[in-house]
Each structure stands twice: as structure tokens, then as C-alpha cells.
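Trainee: I would like a close look at one part of this model, namely the packing around a single helix, and then at how that part sits within the rest of the chain.

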Amino acid sequence: MTQYSSQLAGCGEYSATVRAHKEIYTMKRLSSLALIGLIVSFSSSAVEPIQPIAAYQPTDPAKAELGKQLFFDPRLSKSGFISCNSCHNLSMGGSDNMPTSIGHNWTLGPINAPTVLNSSLNVAQFWDGRAKDLQEQAGGPIANPGEMGFSHQLAVEVLETIPGYKQTFKEVFKTEQIGIDQVTEAIAAFEETLVTPNSPFDKYLQGDKDAISADAQAGYALFTSVGCTACHNGQAVGGNSFQKMGLVKPYKTTSKAAGRSAVTGKEIDRFNFKVPTLRNVELTYPYFHDGAVWNLEEAVGVMAELQLGKQLQEQEIAQIVSFLKSLTGDQPNFTLPQLPPSTANTPHPNQS
Ligand code: HEC
Ligand code: HEC
């Protein structure tokens, strides 16, 4: 276990320790002026602001398969009850459909759980980007007292007592000793498989003009012309920059989340959040970092008003929502992993 990953705040926790984390990737922030520039350049050029999602190309299927087992295994939590899938339910768009998640001992988390679908396309992980990639992220929730409530050491000790895991780790990593870095590497390898290609909208982009309804086509035209694509663009229709929530008008919330400034320590980054992906957004309600908005129509209206200073008509909102619903792609479709049984030596779940 590295010093950093032991300090890394888990999925839902904000911690001052991450302030020390240096910036390792370029943060893109839009001034209103640049935003207008982008809107103009997107609407006047033939270049599509959104690209189809590429299908996953297997690199190491055995590692991803092990990661799938770990993703579903509640024995990585102190209570033996909570797995990654508890909060990133792959039957529900990779989210928990809760305003904020419920973790160890029914702890209510501070922030909405983003989907794990297409998370490999993100510029960084978490709303504030405090983990640089999926592997770094995966260590967080296991040791977060409000989520899986365990420690990396105890999680590894549990796996060490399970012969089925010992064998698989040996095959995949050529090692006799399981380490937390291998656990997180395998989970990340599984998460990389969770892309959702073949949405109706992608088929439309690829030339099948009947793949989406006339309403959805009108919605896409609006989405581009009013300026949503300034922030929601690329394969994931988001996920690739940090932007202020409430660029034109402030967003009112009771959430204490500071956003990107929790990582950079800079006041200017306050309330900047990673722009969420809009892929599968129909499935990942409720919306926004505080999970305050349950319905997509309302979320679109809020965005237009707060980010762009525009009041959209009801019909325009309905068209944009039709477009957004066309972004739902192939959901994970695999055989449920069978988890190797515990043994007499496996520590028992601890509900305290
Ligand atoms: C108790 C609920 C809970 C559990 C269990 C949980 N997560 Fe999360 N996850 C969250 C929340 C909440 C966030 C957002 C936290 C933040 O941004 O500060 C999150 C964020 C993430 C992200 C970042 C996505 C993005 O777009 O930024 C990934 C990836 C992720 N979790 C994967 C996992 C994995 C892998 C596990 C299991 C090892 C796991 N989570 C366990 C609630 C949970
Ligand atoms: C200036 C950048 C910016 C623009 C422009 C923008 N958004 Fe967003 N969008 C964001 C950010 C940042 C968030 C996350 C805000 C939060 O949770 O606090 C977000 C969140 C959303 C969400 C909720 C997604 C979720 O999973 O929680 C939807 C839906 C959305 N935007 C749609 C739109 C639409 C439609 C438009 C155009 C009318 C638009 N956005 C314009 C930056 C932008």
C-alpha cells in the first residue's frame, strides 16, 4: 500500500490531505468569453462535438475477470455487505439512484455517486478530480470509513485466506503475495470494460439517420447551438474538463462540497466540478453533485439557466431530453461472477 493511496479519501469523502496532491494534468477552465468562442466554433464548423464511443478492445481478459469478481465482492468491506456494485449498480446504469450514497453503518455520504460506466474516459476521477485514474480511485472506497469501512491491509488479509483468489492472483500477476496495488489494478481493468457503445445517437452519428427520432435530432441541434457542447463534448459527452457549477447564475445547494478547490487549494476553483458524462444519463438520476434534481427536464432547464443564462421553452427542453435519452448505449452484459468461497481462516464480517 502506498502512502498516497492510504491517504486518498474514499469515494464520498473530502479530505484536506488531498490538497497536497499536485496537479498532474492540465485543468481546462472556461471563461465566459472562451465559452462563447467555443459555442461559435462548434456551431459554425462541420466538426461534430460528440464522437461515438469505441467498443472495448480486450487487452488482458483474465485480469478484467478478476477485477469483476472484486467489484462484486462485499468481503472487501468491513461489514461483508457492501461491494462496489452496491453504489455503482451495473443493473442501474452504474449508479445507486440515490441523492447521496449509503455506506458502512448506514452512513449517508456527502455527494452523489457518479456512474462507473465510461469512467475510463474521464480526465480524472471523482467530482473534484482528486484521483488521477481508475486504479488510484479504486483504493479510496475500501478504506473510507463512510463507505466500505475497511482498511487495505484487512481487505488483503481476507483475500489471502481464500484459495480461489490466491490462485487467480497468482495466474494474473505471477505473485505469491496479494497486494492492494494488484487489487486496484484488477478492478480498474474491469472498469475499463464498462464502456457503452452502440447508442442510438452513435448510430446516428455513424450515418444511420433514422436511428433517432426527429425530436432527438432537433434536441441535438439545440444542444449544440445553445452551447451545451462547450462543456459536454467528446466521446463521453462530458468527463473531460472541470467547470464551474453556476457559471452565469449561482447554484443554490445545502451540499458542502467545495469542488476542485479541495484539490488545488485555489479559491478560483471553488465550485468547479468535473463535468459529468451525459452518456446513459437517463439511467443515472438523481442529478448534480448533490443529487438534488430527480428529473432530466428540470436538470436541463437548470443547466440552460445557470450555465448559459438562457430560458428554454418547454418544447425545447423536451427535444433536448429526447436527444439525451438517445445517449443510452449497450449496458454491461456479462455472466455474473462466481466468487470463491471463504474458508475457516477468513475473518468474519464486522458490523461494528
Ligand atoms: C458507499 C457507496 C460507494 C461505494 C461502496 C463505492 N463507491 Fe465509488 N463512488 C461513490 C461516490 C459517492 C463517489 C463520488 C465521490 C466524490 O466524487 O467525491 C464515487 C466515485 C467513484 C468513481 C469516480 C467516477 C467519476 O466519474 O468521477 C469511480 C470510478 C468509483 N467510484 C468506483 C468505485 C469502486 C471501484 C468501488 C469499489 C472498490 C466503489 N466505487 C465503491 C460511492 C461509492
Ligand atoms: C459551463 C459548462 C457547462 C455548460 C455550458 C453546460 N453544462 Fe451541464 N454540467 C456542467 C457541470 C459542471 C455539471 C455538474 C454540476 C454539478 O453537479 O454541480 C453539469 C451537469 C449536467 C447534467 C447532470 C448530469 C448528472 O449526471 O448529474 C445534465 C443533465 C447537464 N449538465 C446537461 C446540460 C445541458 C442540456 C446543457 C445545455 C443547456 C448543459 N448541461 C450545459 C457543465 C456545463
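Mentor: What follows begins with that helix and its core, then turns to the loops, the ligand shell and the confidence of the prediction.

Since this is a predicted model, a word on confidence comes before the helix itself: pLDDT averages 90 over the protein, and 87% of the residues score at least 70. The protein has 13 helices and four strands, and of its 352 residues 46% are buried. Among the contacts that join residues at least 6 apart in sequence, 74% are between residues at least 24 apart.

The helix to look at is α6, which spans residues 152-160 and whose buried residues are H152, A155, V156, V158 and L159. These residues lie on the same side of α6, because the arc they cover around the axis is only 155 degrees.

Two of the residues on that list, A155 and L159, appear again in the largest nonpolar core, a set of 28 residues in which they belong, together with L70, V183, A186 and I187, to the group with the most contacts inside the core. At least two residues of this core are supplied by each of α3 (61-72), α5 (134-143), α6, α7 (163-173) and α8 (180-192). The largest share, seven residues, comes from α8. One residue shows how these parts meet: once its neighbours within four places in sequence are left aside, V183 is in contact with L70, A155 and V156. Separate from this core there is a second one, made of 26 residues, which includes A236, V281, L296 and L324.

Between the helices that contribute to the largest core, the loop joining α7 and α8 deserves attention, for it holds K174. The phi of K174 is near 55 degrees, a positive value in a residue other than glycine, and K174 is exposed, with 7 other C-beta atoms within 10 Å. A comparable description applies to N105, which is located in the loop between β1 (102-103) and β2 (107-108). N105 is not a glycine, yet has a positive phi of about 55 degrees, and it counts as exposed because it has 12 C-beta neighbours inside 10 Å. A further backbone feature is the cis peptide bond that runs from Y285 to P286, with omega near -10 degrees; P286 lies in the loop between β4 (272-274) and α12 (296-308).

Helix α12 also brings us to ligand 2, since the largest share of the shell around that ligand, six residues, comes from α12. The shell comprises 28 residues, of which C228, C231, M245, F288 and M303 come nearest to ligand 2. Sorted by class, the shell has 22 nonpolar and six polar residues, and no charged ones.

Two stretches call for restraint. Over residues 13-29 the pLDDT stays under 50, although the model has 26 contacts beyond four places in sequence for them. Over residues 40-45 the pLDDT likewise stays under 50, and for this stretch the model has five such contacts. Where pLDDT is low, the predicted coordinates should not be read in detail.

Key:
Residues numbered from 1 in each chain as written. Chains lettered and ligands numbered in written order. Predicted model: local features only at pLDDT ≥ 70, side-chain atom pairs only at ≥ 80, totals over all residues. Buried ≥ 20, exposed ≤ 12 C-beta atoms within 10 Å, placed from the backbone. Arc of directions from axis to C-beta. Core = buried A, V, L, I, M, F, W, Y, C linked by C-beta atoms within 7 Å. Contact = placed C-beta atoms within 7 Å. pLDDT = per-residue confidence, 0-100. Near = placed C-beta within 6 Å. Nonpolar A, V, L, I, M, F, W, Y, C, P; charged D, E, K, R; others polar.
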